[in-house]
Amino acid sequence: MDDNLIMLLSEKNQMNLIKKTNEYTSQFGLSLSDGDIRELMLRRKECLCEQQRVEFGKGILEKIIFAFCDSPFIYQENYAETIADLQDSFYLYKNESMDELTDDELITIMRNAFDKECQGSLEYLQETYLEQFARKIRANTHKFIGRYTSTNEKI
């Protein structure tokens, strides 16, 4: 089978999977149009490339949608853009936290902070809360380049 055909089928499956989330999110007054879904998928590709990440399977978008759709700070007018920004933040801080957290752990941390400390502010979530959180993780891991010499002695 041609690689382009495989990619096209995969994108169609991804689109259908995300479209199905509307069945659940509609109870919160939220839905994504086909255009919204295409934009989210495009942003996913761009972000994965920018963050130099590879993702297999369904991806993280569906999990983000289900985790955030009942937030009191998300409404139809900001839904697609908020989900896109959360997706971007996820990939960035997955890298910044050096993959020390599972996907579900990072999403849970993001959701709790978004609704509580950040009061729905994506800017505060991204530029302050998650940045500080990732800094703490990097400070406590042996994976952080520059923190330890080749003999694992503190610098």
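## Close-up views of a six-helix protein

**View 1. Asp115 and Arg111 meet in a salt bridge.** The closest N and O atoms of Asp115 and Arg111 are 2.5 Å apart. Keep in mind as you look around that this is a predicted model. Asp115 and Arg111 both belong to helix 5, where four residues, about one turn of the helix, separate them. An α-helix has 3.6 residues a turn, so residues three or four places apart point the same way. Are Asp115 and Arg111 buried or exposed? Both Asp115 and Arg111 are buried.

**View 2. Salt bridges with shared partners join four residues into one network.** The members of this network are Arg43, Glu81, Asp85 and Asp88. One pair to find here is Arg43 and Asp88, whose side chains meet in a salt bridge with 2.4 Å from N to O. Arg43 lies in helix 2 and Asp88 in helix 4, so this pair ties together parts that are 45 residues apart in sequence. Arg43 counts as buried, at 14% relative accessibility, whereas Asp88, at 22%, counts as partly exposed. Those two labels follow from a cut-off: a residue is called buried because its relative accessible area is under 20%.

**View 3. Lys19 and Asp34 form a salt bridge.** Here the side chains meet at 2.9 Å, again from N to O. Which parts of the protein does this pair tie together? Lys19 sits in helix 1 and Asp34 in helix 2 (residues 34-50), so the bridge links parts that are 15 residues apart in sequence. Lys19 is partly exposed, with a relative accessible area of 37%. Asp34 is partly exposed too, with 31%. How many salt bridges are counted in the protein by this rule? The count comes to 11. If you wonder what brings such pairs about, side chains of opposite charge can pair when their charged atoms come close.

**View 4. Glu11 in helix 1 has contacts far along the chain.** Glu11 is a residue of helix 1, and it is partly exposed, with a relative accessible area of 27%. Setting aside neighbours within four places in sequence, Glu11 is in contact with Met41 and Lys45. You can also look for Arg38: the C-alpha atoms of Glu11 and Arg38 are separated by 9.2 Å, while the two residues are 27 residues apart along the chain.

**View 5. Thr25 is a buried residue of helix 1.** Helix 1 covers residues 3-25, and Thr25 is part of it. How much relative accessible area does Thr25 have? The value is 0%, and Thr25 is buried. Which residues touch Thr25, leaving aside its neighbours within four places in sequence? They are Leu30, Ser31, Ile65, Cys69 and Tyr79. Try finding each of these five in the structure above.

**View 6. Three residues form a nonpolar patch on the surface.** The patch is made of Tyr24, Phe28 and Phe66, which together have about 260 Å² of accessible area. Phe66 is found in helix 3 (residues 61-68). With a relative accessible area of 36%, Phe66 is partly exposed.

**View 7. Helix 6 has a kink centred on Leu130.** Helix 6 runs over residues 122-139, which makes 18 residues. From its first C-alpha to its last, helix 6 reaches 24 Å, close to the 26 Å expected at 1.5 Å a residue. The kink at Leu130 is about 35°. Leu130 is also one of the buried residues of helix 6; the others are Leu122, Leu125, Gln126, Ala134, Ile137 and Arg138. What covers these buried residues? The cover includes helix 4 (76-96) and helix 5 (103-115).

**View 8. The whole protein is built with six helices and zero strands.** Following the sequence, you meet the pattern α-α-α-α-α-α. Of the 155 residues in the protein, 39% are buried. The accessible surface of the protein comes to about 9300 Å², and 51% of this surface belongs to carbon and sulfur atoms. Among the contacts with a separation of 6 or more, 62% are between residues 24 or more positions apart.

How values were computed. Residues numbered from 1 in each chain as written. Predicted model: local features only at pLDDT ≥ 70, side-chain atom pairs only at ≥ 80, totals over all residues. Heavy atoms only, no water. Patch = residues over 30% accessible without salt bridge, like charges linked within 9 Å, V, L, I, M, F, W, Y side chains within 5 Å. Areas by Shrake-Rupley, 256 points an atom, 1.4 Å probe, with all protein chains shown as cover. Helix = DSSP H or I, 4+ residues; strand = E, 2+ residues; numbered from the N terminus. Buried < 20%, exposed > 50% of the residue type's maximum accessible area, 1.4 Å probe, protein only. Contact = heavy atoms within 4.5 Å. Expected span 1.5 Å × (residues − 1). Bend = angle between axes of the 7 residues up to and from the residue.
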